[in-house]
Structure formats: structure tokens, C-alpha cells
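Visitor: I am new to this structure. Please show it to me, and then I will ask about it.

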Amino acid sequence: MIKPCNRYVVIQPLEEQEKQDKPKVLLPDEYVVKEKFKVYEVVDVSRDSKLTISKNEKIIVENSMVEELNIGENKYYLVLENYVLGMVK
């Protein structure tokens, strides 16, 4: 487990439900459509963060600003508080 600093928030992506829609255009198997915004669950928040969020809350984040960090066999996702757009209630 890592402890975030400098206004970072440690987040975890939520499990996505499989989409029932079939593609209308043929695409390569490795092609992945990335959403601009995504809902994540908060794992930990930096002490100097100005956000009033806590662990296990769900937040909306600009997906391109999420940083993936691999430490050993563990994978962490971090985002600066500036890219948190809102909370899901």
C-alpha cells in the first residue's frame, strides 16, 4: 500500500459491466475504446488535499489524467485532485 502525497488521490477502477452492444464497424481485436471520464473508488487521499472525500467514495475522473504505477506485483492508480470532477452519491 502506498500513501499519497502532494494532493494525489489513490483510486481503484470499478468493475465494468459487459456491454451488450455489438460493434457496428469491424475493428482489430486489440483496439480499445477509452472513455473520456470514468467512475473510480477512492482508496486513499493525501493529507494536504483540499477535497472533502474519503475512502470508498465514488468519484468521476478525467480518464487520461490517471497515472498507473507498478510497484513489484502491485498496481496503483493515482490522480491529482484537480482532475476529480465530482462525487457519485
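**Contacts and strands**

Guide: In the protein chain, 65% of the contacts (heavy atoms within 4.5 Å) with a separation of 6 or more are accounted for by residues 24 or more positions apart. This is a predicted model, in which local features need pLDDT of at least 70 and side-chain atom pairs count only at pLDDT 80 or more, while totals for chains, interfaces and linings use all residues. Residues are numbered from 1 along each chain as its sequence is written, and side-chain values use heavy atoms, with hydrogens and water left out.

Visitor: How many helices and strands are in the protein chain?

Guide: Helices (H or I, at least four residues) and strands (E, at least two) are DSSP runs, numbered from the N terminus. Along the sequence the pattern reads β-β-β-β-β-β. The count is 0 helices and 6 strands.

Visitor: What order do the strands have in the open sheet?

Guide: Two strands pair if DSSP finds at least two bridges between them. The pairing in this sheet of 6 strands is antiparallel, and the order is β4-β5-β1-β2-β3-β6. Pairing on one side only marks the edge strands, β4 (67-71) and β6 (84-88).

Visitor: Which residue in β3 stands opposite V39?

Guide: Strand β2 covers residues 37-45 and strand β3 residues 58-62; they run antiparallel and are joined by 5 bridges. Opposite V39 stands I60.

Visitor: What percentage of the 89 residues is buried?

Guide: Buried means under 20% relative accessible area, with a 1.4 Å probe and protein chains only. For the 89 residues of the protein chain, the buried share is 27%.

Technical notes
Buried means under 20% relative accessible area, exposed over 50%, partly exposed in between (1.4 Å probe, protein chains only).
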